[in-house]
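Visitor: Could you pick one spot in this structure and walk me through it closely? After that, I'd like to hear how other spots are described in the same way.

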Amino acid sequence: MQNMLVADTVSKFYGKHKALSDVSLEIPENSIYGLLGPNGAGKTTFIRIINQITFPDEGQILFKGKPLHPKDVARIGYLPEERGLYKSMKVGEQALYLSQLKGVPKIEAKKRLKEWFDRFEIGPWWNKKIQELSKGMAQKVQFIVTVLHEPELLIFDEPFSGFDPINANLIKNEILRLKENGTSIIFSTHRMESVEELCEHIALIHKSEKILDGKLSDIKKAYRKNRFTVDLKSNQDLDTAKILEKDIAIVHNEYDAKEEIQHLTLQLPCDETREVLHLLSDLGTVYRFEEVVPTVNEIFIQTVNEREQHG
Amino acid sequence: MDKLRLIIWREYLAKVRNKSFIIMTILSPLLIVGMIILIAYLTKINDSESKIIAVLDQSAFFQDKFQPGKAISYVHFEDIDLEAAQDSVKALQYDGLLFIPNAANVDLVAQNMFFYSEDNPSTGTTAAMESIIQGVLREQRMENLGVSNTTFQKIEKEFNLKLASFDGGVNLKGVNEMKAFIGGAFGYAIMMFIIIYGGFVMRSVIEEKTSRIIEVIISSVKPFYLMLGKIIGTSLAGITQFAIWMISSGVLLFICVLLLGINPEALYVSPEMTGAEMAQLPTDLDENFIAYAQEALQIPWALLLLSFIVYFVLGYLIYSSIYAAIGAAVDNETDTQQFIFPIILPLMLGIYIGFFSVFGNPHGPIAVGFSLFPLTSPIVMLMRLPGGIGEGGVPVWQLLLSLILLIMTFLAIVWLASKIYRVGILMYGKKPTYRELYKWLKY
């Protein structure tokens, strides 16, 4: 798969402060890429460099294999974390203006806008001023403005903040639809759990450095610990945990007396589960047997801790 | 370039559609015309109010000299003493009593003359009386010296020093002032425009910052274009407003003059002038009017207008880009004060230097210095230019140097301002210091 965007040892300094330090990333085409890390890690600086709002002091960005060109802004859509529109400008006029700035001819922009307004059922807002709309309504307009010029690369900084659950879901579906149509998407957020299920690739940014990146499934595989949770309804009178303890390390053990179910977390020496399952099914009915997969959040914390221990 | 045009157009529309802008555009001419009418009306009232002054003349020198004029009517008291006269003036509510005692000669009389009144009399009133008394004194003294009135008329002829330039042209008194005044009007217009519309630019930048749309825009266009578009769009709106003001004020004033029959000249003639001066004025005007008109025609209007446009455009761009940078550096308008004062300072300086130094001596060292200094030259140079360029006017090298300095400053300031602007628009939440602004220049 070709890369949509490649960052090659990009660094950015503000005076003595290092905002980004030798960040190298590869963002594949037609995928959803998560740029994750706490506030102030350098995500927004990186995004601003892609949008050519600021420029790297070292390194370069390749957009579809070529160094980033000022004209490329027309092929990128950006929803900044700080959302904003002209308050006293009318919705339609404003959307037209902003998409014309992105290089869409007026007639074409008008046509596309009509489609989007119909899709979101916000046609009657056309002549309203932004200040007359609620925050959630303005966010919808902002989303439309971001995608109207049909960019090849879409960047969302904190995509779901400010949306209520219903609208967040609407936006999520729209983003997935755009991805289906071939758009590459970057999510940047500090709330890692909010995008975990959507991202195919991620990069973790911490204190201006990239500490981890790659395919999410690969990363998760690498961080597997061969831990499994088990829900077991015992058919024995004996304490199942005691029996199991002889062969398997039990990390967690809890008995639900009401349901008569034993909740266990087991630590296996490898990912070979045949024997364990055999053993378990001898003891009773296995309602659940599931690998404990670390969340991105856990992976992040673990990676940060490891790095700090190693200096 | 298409994007720049889009930005200019949006900024223009945003400005001219703004409610307070529309209200200001409509109301200002009404206010100005209203003020003028009010002043004219008040002047008229003041004119028509005439004072009544009682004259108690116990001497023989002033018979019939106090004739009722436009502003003062004199009432003559006879055969009563001073106290009685004072009482009657008070009782009759006259405006004053002029007491002329009797004495051997006119000088003694003059020494003991008094004017009694409730309030302090206006200078116009005393001047009118003094002028009459002075006349009588002169006549009497001449008689004592044996000089007849006709002889005196021959001696007493007003003298005016004739002025000429070396190349033989006619110079007129007060022409420097007149020219500087015309230039000053241009300079003043530039200053007002900069302060009003520079402020608009600044507020518009702050608005973009607080509404957080700025990041959306500069992910589409370079910040420099946004700044430039904003400055140009706002100034076009300003020019529109100025044009509307000029035309509508003119039309309104014309209508008012027609309808109310107010004589615009009444505004220029001081109501305190005595009859004699009044009589003198028109002839004076007639004599010199043509000469002054000729002089006004000699003012190089084409040069002046051209320079006005050049200095206006450059000066406005310099100042408004500073305003834009200030708007970008702060989060709200209250934080702008510390930065605005240093901007207004050179503008005010230009105006005051102009009025106090350039009017009197348009080519003196101070006038030259400030017409070269780029932050004041748009104002001061325009005050000097009505005198023409070359011999007798502004030396060509000064004009060129001033323009070169202005253009260099323009480039430097716009470059610096756009750097501050570029960094500032993305900085939120803190009030910057000058040191931080300096640091931004290096980002």
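Guide: Let's start in chain A, with A:Glu158, in the loop between strand S7 (153-157) and helix H5 (165-180). Keep in mind that what you're looking at is a predicted model. Is A:Glu158 buried or exposed? With a relative accessible area of 5%, A:Glu158 is buried, because anything under 20% goes by that word. The backbone here deserves a look too: phi of A:Glu158 is near 50°, a positive value, and the residue is not a glycine. Most residues other than glycine have a negative phi.

A:Glu121 gives you a second case of this. Its phi is positive as well, at about 55°, and again we're not dealing with a glycine. A:Glu121 also belongs to a loop, the one between helix H3 (106-119) and helix H4 (135-147) of chain A. How do the surroundings look? A:Glu121 has 69% relative accessibility, so it counts as exposed, whereas A:Glu158 is buried.

Now go back to helix H5 of chain A, which comes after the loop that holds A:Glu158. On to charges: side chains of opposite charge can pair when their charged atoms come close. A:Lys179 and A:Glu200 do this through a salt bridge, 3.2 Å from N to O. A:Lys179 sits in helix H5, while A:Glu200 is in the loop between strand S8 (184-189) and S9 of chain A, so this pair ties together parts 21 residues apart in sequence. A:Lys179 counts as buried, because its relative accessibility is 17%. Its partner A:Glu200 is partly exposed, with a relative accessible area of 29%.

Strand S9 of chain A covers residues 201-206, and A:His201 is found in it. A:His201 is buried, with a relative accessible area of 13%. How far is A:His201 from A:Arg48? Along the chain they are 153 residues apart, and their C-alpha atoms are separated by 20 Å.

Next in chain A come A:Lys210 and A:Asp213, whose side chains meet in a salt bridge of 3.5 Å, N to O. A:Lys210 is partly exposed at a relative accessible area of 25%, and A:Asp213 is partly exposed at 31%.

Over in chain B, the side chains of B:Glu11 and B:Lys230 meet in a salt bridge of 2.9 Å, N to O. B:Glu11 lies in helix H1 (residues 2-16) and B:Lys230 in helix H9 (residues 223-260), so the bridge ties together parts that are 219 residues apart in sequence. Where do these two sit with respect to the surface? B:Glu11 is buried, with a relative accessible area of 4%, and B:Lys230 counts as buried at 1% relative accessibility. Back in chain A, salt bridges that share partners link A:Glu29, A:Lys64, A:Asp72, A:Arg75 and A:Glu152 into one network. Across all chains, a search of the whole structure finds 28 salt bridges.

B:Glu11 has another contact to show you: a polar contact of 3.4 Å joins its side chain to that of B:Ser204. You'll find B:Ser204 in helix H7 (residues 175-210) of chain B, and at 14% relative accessibility B:Ser204 counts as buried.

Let's finish with the surface. Which residues gather in a patch of negative charge there? They are B:Glu49, B:Asp95, B:Glu118 and B:Asp119. Take B:Asp119, in the loop between strand S4 (114-116) and helix H5 (123-145) of chain B. B:Asp119 counts as exposed, because its relative accessibility is 59%.

There's a positive surface patch too, formed by A:Lys16, B:Arg435, B:Lys439 and B:Lys442. One of these, B:Lys439, has its place in helix H16 (residues 434-440) of chain B. At 42% relative accessibility, B:Lys439 counts as partly exposed.

One last stop is B:Gln63, in the loop between strand S1 (51-57) and strand S2 (72-77) of chain B. B:Gln63 is exposed, with a relative accessible area of 55%. From C-alpha to C-alpha, B:Gln63 and B:His76 are 9.7 Å apart in space, and in sequence they are 13 residues apart.

Methods
Residues numbered from 1 in each chain as written. Chains lettered and ligands numbered in written order. Predicted model: local features only at pLDDT ≥ 70, side-chain atom pairs only at ≥ 80, totals over all residues. Heavy atoms only, no water. Patch = residues over 30% accessible without salt bridge, like charges linked within 9 Å, V, L, I, M, F, W, Y side chains within 5 Å. Areas by Shrake-Rupley, 256 points an atom, 1.4 Å probe, with all protein chains shown as cover. Salt bridge = Lys/Arg side-chain N within 4 Å of Asp/Glu carboxyl O. Lys, Arg positive; Asp, Glu negative; His and termini not counted. Charge placed at Lys NZ, Arg CZ, Asp CG, Glu CD. Helix = DSSP H or I, 4+ residues; strand = E, 2+ residues; numbered from the N terminus. Buried < 20%, exposed > 50% of the residue type's maximum accessible area, 1.4 Å probe, protein only. Polar contact = N/O pair within 3.5 Å; in protein donor to acceptor, adjacent residues only side chain to side chain.
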